[in-house]
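I opened my notebook to go through this chain from the whole down to single side chains. My entries follow.

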Amino acid sequence: VAEIRHEGCKAGSGCVALLPPATPSSAPFGNIMQAFSAEQFRGKTVRLRAWIRVDKADAGDHAQMWLRVDRPGMQMGLFDNMGDRPITSSEWVNYEIGGEVEADAMSINIGVMSIGKARVWVDDATFEIVAATPQETAAREEFQKLYARIDAAYQSGTLDEIAALALPDAQVASGAMRQPMSAVFAAAKEELGKGAKFSSRTTVNQVRLSGDDAVVSTKSEAGITRAGSHSDYESTSRDT
């Protein structure tokens, strides 16, 4: 259930609380969302922000803010549901997600999910077009060169140089699953040893800078040919 509240809010003027049912199932799930035309946002970098806090009932309770762009032919564009960084704080914290909207985007969907028996509070949500700073524009160009090196390494089958650049504790996260970056390279090298061929093209959509840290949003189009069969994959990543 989603309810408007006027007490316990961050700003004081009103907020939304996502409440579990009185007799919740073993894995309750709630979602509040909005969908709208992407026309005025095509080709633009957008940002969804909201203040969120979670009153947990069980250890696994959490919230996730999400953003999804829908393209023609039931294709998905920009997507982030915070699956690798769930919201668990009982304090009000300002979260943001974003990226570049595809030129053929049809609609944009935004929302907040509640997973588990917690009460999830949402306040002061905003969705806006943001302009990159000169530093972020320059960084985007440099990161695009780095990702081009990774693409070239996959296509040529020489991964050792790229693997050597990864920090020892680098990880890949997909939802709740995490694995060392070294394991990804090892699996790719094993496939190459069996005669597989890779193709890869990565586009840097957005770079956000904060001190010495950078968050890079990318879209990858990859293919793999093995044993006479070919598969194509399209994915989005958020690299920190």
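**Whole chain.** I looked up burial first. Of the chain's 240 residues, 35% count as buried. Buried means under 20% relative accessible area, exposed means over 50%, and partly exposed lies in between, with a 1.4 Å probe and protein chains only. This is a predicted model: local features need pLDDT of at least 70, side-chain atom pairs count only at pLDDT 80 or more, and totals for chains, interfaces and linings use all residues. Residues are numbered from 1 along each chain as its sequence is written, and side-chain values use heavy atoms, leaving out hydrogens and water.

I noted three helices and 14 strands. These are DSSP runs numbered from the N terminus, helices being H or I with at least four residues and strands E with at least two. The C-alpha trace spans about 60 × 40 × 40 Å along its principal axes. I then checked contacts, meaning heavy atoms within 4.5 Å. Among contacts with a separation of 6 or more, 68% come from residues 24 or more positions apart.

**Asp123.** I found Asp123 in strand β9, residues 119–129. What is the nearest side chain of opposite charge to Asp123? Lys10 is, at 7.2 Å, and the buried Asp123 has no salt bridge. A salt bridge needs a side-chain nitrogen of Lys or Arg within 4 Å of a carboxyl oxygen of Asp or Glu. For charge, Lys and Arg count as positive, Asp and Glu as negative, and His and the chain ends are not counted. I did find a backbone partner: the nitrogen of Ala11 lies 2.8 Å from a polar atom of the Asp123 side chain. Leaving out residues up to four places away in sequence, Asp123 touches nine listed residues, including Lys10, Ala11, Trp51 and Trp92.

**Charges over rings.** I used this rule: NZ of Lys or CZ of Arg within 6 Å of the ring centre and within 35 degrees of the ring normal. Lys10 lies over the face of Trp51, 4.3 Å from the ring centre. The charged end of Arg53 sits over the ring of Trp121, at 4.5 Å from its centre.

**Aromatic pairs.** Rings of Phe, Tyr and Trp (its six-membered ring) pair if their centres lie within 6.5 Å; planes under 30 degrees apart are stacked, over 60 edge-to-face, the rest tilted. I count four pairs by this rule. Phe36 and Phe41 have ring centres 5.9 Å apart and planes at 65°, so they are edge-to-face. Phe41 is buried, at 9% relative accessible area. Tyr154 and Phe198 are also edge-to-face, because their centres are 5.7 Å apart and their planes are at 70°. That pair links distant parts of the chain: Tyr154 is in helix α1 (residues 134–156) and Phe198 in strand β12 (residues 197–210), 44 residues apart. Both Tyr154 and Phe198 are buried. I also logged one aromatic cluster of Phe36, Phe41 and Phe127.

**Positive phi.** Most residues other than glycine have a negative phi. I looked up two with positive values. Met74 has phi near 60° and lies in the loop between β5 (62–71) and β6 (75–80). Met74 is exposed, with 85% relative accessible area.

Met82 has phi near 55° and lies in the loop between β6 and β7 (93–100). Is Met82 buried or exposed? Met82 counts as buried, at 4% relative accessibility. Beyond four places in sequence, Met82 touches Gln64, Met65, Ile87, Tyr95 and Ile97.

Methods:
Polar contact = N/O pair within 3.5 Å; in protein donor to acceptor, adjacent residues only side chain to side chain.
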